[in-house]
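Me: Please take a close look at a single part of this protein and describe how one strand is placed among its neighbours. A connected account would be preferred to a list.

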Amino acid sequence: MKRRTVERLVIAFLFVATCVVFADRVSRPPAAVSASAPQTAFSAERAMKHVLAIAQRPHPIGTAEHDRVRDYLIAQLEVLGLEPQVQNATGVGTRYAGAGEVQNILARMPGRQNGGPAVLLVAHYDSVEAGPGAADDGAGIAAILETVRALRAGGPLAHDVIVLFTDGEESDLLGAAAFVREHSWAKDVAMVLNFEARGTTGRSLMFETGPGNLDAIHVLRTVPGVTAGSVFTTIYRTLPNDTDLSELALLGTPALNFAFGDGVERYHTSNDDVSHLNTGSLQHHGQQALALAHAFADGPLPRQHTEDAVFFDLPVIGLVVYSEKWAMPLALVTAALAVIVAIRARRESTRFGRDILMGTAAMLGAVILSVAAAYVAGLIISLLHTKLPWGGAPAWSPVYWAAIAILSLAISTACYVAVRHRATVSGLHVGALLVWALLSLAAAAIAPGSSYLFTWPALIVALAVLLENGHGLLTAKGIAMCSGALVTAALLIPIAYLVGAVYLGVTAAGGIVTAAIIALIGWLLVPLLEALCDGARWSTPCICAAVAIMLVGIGALTVHKSDMHPVPSRLIYAIDADSSDAWLASKASAIRTNAWTRTVLAPFAQGPEWIAHFFFPPTAVVAKRVPFLPLPQPAIDILSDSATSDARQLSLRVRGSTGTTAFGMRVTNAPVISAAIDGRAIDTKRYRLHMAEWTLWYWAPSEAGALLSLIVPAGSKPRLEILAYSLGIPKLPGVTIPPRPANVVPVQSGDVTIVCRRFSIAPSK
Ligand SMILES: [Zn+2]
């Protein structure tokens, strides 16, 4: 074989191998450690016994099953030699319009300096109504119990460790809010470690930090096997997602937040059960919990205020950490190197400026075409699986992810071949390198946490180009370029895989992100692209396109419908107690995604406006009319109604009805100046969404209901709409609901009955 053919094959092999190795590295959790491990080690096998006990059935706030789990956890903390306590309070959300009666479980493990600053270990012990919550958040609770056991097996630590098992996380983060607002230990917290799940498998990713994370990340660096990157914390801050940490952020302390998120289709469904939980994910949660609890509680606690860090994990090296202050100087060095490369390469062509422009244009063209191709391919693949008799969820398939990646490589190489014989290799490369340098500068200026993704690849590749000229991969320059390629792949392939095949889905936005990243990588490494294309041969893009098509064929044959990839669904029996109308309803989006909901609700029409308020944020619903059942109704008592010259002050007792899990309150016809629930002021400043009308959900109400105080303008006549919900749907005469197929599962609250009543509160004389 000719040397150039060997090089082509080596580069093609390296591309595939790095994609496989780095995608696997970011998604495969460590193996579960057996129960025979030393007592000071974390064992997922030992922790699983807690998950088995907790996740027998759904245990949402306010249910008997919830109380069973609460009692189990109290007993387990006693077994560990701690003195657990229950914090009973009305939690009032500051992120969402929610409140309710919570029971947080707390215990304090004294350190050598008994009292004073402490490390807080947090997970939530409630689940959603639709599923038993083995991963979310049974795994987090079990990880902490096993961590405390292992810590107790060693000697005492310097600082106290506080265990907080929050209640009502799934109900507007109420338990965490109650801890921050009312518990005396909240002021002692110096470091927060929170454990969560957004799927049932995968690695436990450190995805969020408190503000000013440099000290905390330096400690995280000491823990082996961490998966983290400051780009995740940067992205997460812009997402509308929350965990208890969103409420605990009010403590203003450093914090680290961990979650595994592979298998997102099982999140908040009946399939978040013990059989779907990966014990390796639990192991990864726990070994980090133990190592960090030990490091923080026995070492110097992180300073309350530091700058943020840029950080990322690399194979062998582990976590690389530096202050965000260095992001801009490093980007400037990168840009300077790119300019030096350009000046040095200028002699090679008489029309060098034009060559650079062609490189820039061809690279941007490759990115745009790859993105467009990924979008179209995603549509085709989705359509293909709706037509195939075996169905399937292609969005989460590694095979389709690989197909999109190779398709992007086909387009990148095609763009390269198209311009190659009109420009010099070095000119094209400088064009691409300058774009990378600009990306690095822009990232450093706008989102420094993401700058490393552009800075380090461009910096190393620019340095490699500056080495003495040689031919072939086995020269100093070739090896340096391959090292640059390796670092680039180590930083960017895990992002492409996580975003593509784990979080967003390859047939949707995830495929688009994957395609853009592969095109950017390809063009950063123009010297390797040149070797791969053997000058300018069309055979390379053609082979890549053929491989992509072949992978789509393999995907079509191997991706099948399974309960690992269920379709979520939720039905609502909605009663208007004022008009005696009743509907069977669902989110309008469910009509598009599953045939079962279409069948149940046919012939469907747009539902009445008030049903939309069951969802947060209010969402379009479809509904069909069904018989009205005279179910118990929500009620209000006006306890007092007083007026000053400009305000009317109302004190109301609001009750759902027997079996009510929660009720929503909405005030129309008058602006609410201020409000309080169970004697606690409601602060809406931090709400995720601005509410056009005053609303509040109240969870787990007792028989006595909730005490609502409203201040409205004097003389106004507010109308209070109460939406009470209970679990399940009663038997409706003349309506048959066919059983759900195996891959259609209830999600969030599952099927519910909601009863709506409205009360006009006229001013008293
Ligand atoms: Zn959770």
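Reply: What follows is an account of one strand and its surroundings, with a short passage on the metal site for context.

The model is a predicted one. The part chosen is strand β12, which covers residues 572-576. Five of its five residues are buried, so β12 is largely enclosed by the rest of the structure. In a regular strand, side chains alternate between the two faces of the sheet. In β12, Ile572, Ala574 and Asp576 point one way, whereas Tyr573 and Ile575 point the other way. Both sets are buried, Asp576 being included among the buried residues.

One partner of β12 is strand β13 (residues 581-587), paired with it in the antiparallel sense over five bridges. Within this pairing, Ile575 has Ala582 of β13 as its bridge partner. The two strands form a hairpin with four residues between them. In that turn, Ser580 has a positive phi of about 60 degrees.

A further partner of β12 is β25, to which it is joined by five bridges, here with the strands running parallel. Ile575 also takes part in this pairing, standing opposite Val755 in β25. Ile575 is thus matched with Ala582 in β13 and with Val755 in β25.

Strand β25 spans residues 752-760 and contains Ser760. Ser760 touches Lys717, Pro718 and Arg719, leaving aside residues up to four places away in sequence. For Pro718, which lies 42 residues from Ser760 along the chain, the separation of the C-alpha atoms is 6.1 Å.

The zinc site can be set beside this description. The protein donors of the zinc ion are His124 through NE2, Asp136 through OD, and Glu196 through two OE entries, at 1.8 to 2.6 Å from the ion. The angles among the four donor atoms run from 52 to 141 degrees, and the site is irregular. Four donors would count as tetrahedral only if all angles lay between 85 and 135 degrees. Along the chain, the donors follow the spacing H-x11-D-x59-E. Asp136 in helix α4 (residues 134-153) and Glu196 in strand β5 (residues 189-197) are 60 residues apart, and the pair links distant parts of the chain. Asp136 and Glu196 are both buried.

To return to the part requested, β12 is antiparallel to β13 and parallel to β25, and each of its five residues is buried.

How values were computed. Residues numbered from 1 in each chain as written. Predicted model: local features only at pLDDT ≥ 70, side-chain atom pairs only at ≥ 80, totals over all residues. Heavy atoms only, no water. Donors = N, O, S within 2.8 Å, 3.2 Å for Na, K, Ca; no water. Tetrahedral: all angles 85-135°; square planar, octahedral: opposite > 155°, others 65-115°. Buried < 20%, exposed > 50% of the residue type's maximum accessible area, 1.4 Å probe, protein only. Contact = heavy atoms within 4.5 Å. Pairing = 2+ DSSP bridges.
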